[in-house]
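Thanks for making time for this; I would like to take you through two places in a structure that will be new to most of you. Please have the sequence and the 3D view open while I talk.

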Amino acid sequence: MKLKTIILTMGILSFLFGCKKETRYTDKHGNVIIEKGDQTLIIPTEYEKTGASYKIFLRNETDKTVSIKDKFTLKSNEEKIIEFIDTDSMLFDFGAKIFFGDTGLEVDDKKGELAGIGGEYWEKYKVPDDVEYGFVIVPPGQGDMPTE
């Protein structure tokens with residue numbers, strides 16, 4: 001009987017001391033952020049398309065001209081700010097796609113040719129404060145998404 005009590009007590013103490021402190025909060029978009037130790041988990045809120053308009057900054061840092069189908073082209077080292085409606089999508093001639101899905105703005109970029117920007121790059125490219133999203137078109141494999 002004593003051995004069972006000792007084993008049970010050790011198990012409970014191991015569990016209690018082995019648990020890392022968890023911090024939960026909700027960001028301004030309604031996403032739930034859970035930080036536990038050095039891990040971060042994001043539970044995205046469901047995005048409802050309303051026809052809202054957003055400003056997106058795009059810059060082409062490749063040597064080639066890039067075409068956004070049925071919209072416009074960006075020459076090498078050219079940038080543009082566009083109005084983007086959440087019911088629309090952008091399809092690039094190299095296969096990447098930007099669209100609003102269940103969790104908000106999403107990117108489908110299997111070759112890794114789009115890099116989202118923020119922080120120091122927002123300042124480097126002098127992106128205006130009223131722009132919500134920013135992307136740079138880069139050579140394959142240098143973007144945010146892992147290549148396949």
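**A three-stranded sheet and one asparagine**

I will begin with an open sheet of three strands, which are ordered β8-β9-β10 and pair in an antiparallel way. The strands at its edges are β8, covering 89–91, and β10, covering 104–108, and each of these pairs on one side only. From one strand to the next, the twist averages 25°. Please keep in mind throughout that what you are looking at is a predicted model.

Staying with this sheet, how many bridges join strand β9 to β10? There are five, with β9 made up of residues 97–101, and the two strands run antiparallel. If you would like a pair of residues to look for on screen, phenylalanine 99 stands opposite glutamate 106, which belongs to β10.

Now let us move to the second place, asparagine 60, which is found in strand β4, the stretch of residues 53–60. Is asparagine 60 buried or exposed? Its relative accessible area is 0%, and because the cut-off for buried is under 20%, asparagine 60 counts as buried.

What does the side chain of asparagine 60 reach at 3.3 Å? That is the backbone oxygen of lysine 75, while a polar atom of the same side chain lies 3.0 Å from the backbone oxygen of leucine 74. Leaving aside neighbours within four places in sequence, asparagine 60 is in contact with Leu74 and Lys75, and also with Thr65, Val66, Ser76, Asn77, Glu78 and Ile137.

Methods. Residues are numbered from 1 along each chain as its sequence is written. This is a predicted model: local features need pLDDT of at least 70, side-chain atom pairs count only at pLDDT 80 or more; totals for chains, interfaces and linings use all residues. Side-chain values use heavy atoms; hydrogens and water are left out. Helices (H or I, at least four residues) and strands (E, at least two) are DSSP runs, numbered from the N terminus. Buried means under 20% relative accessible area, exposed over 50%, partly exposed in between (1.4 Å probe, protein chains only). A polar contact is a pair of N or O atoms within 3.5 Å; within protein, one must be able to donate a hydrogen and the other to accept it, and residues adjacent in sequence count only if both atoms are side-chain atoms. Contact means heavy atoms within 4.5 Å. Two strands pair if DSSP finds at least two bridges between them. Axes are lines fitted to C-alpha atoms, for helices over the stretch in contact, and angles run from 0 to 180 degrees between N-to-C directions.
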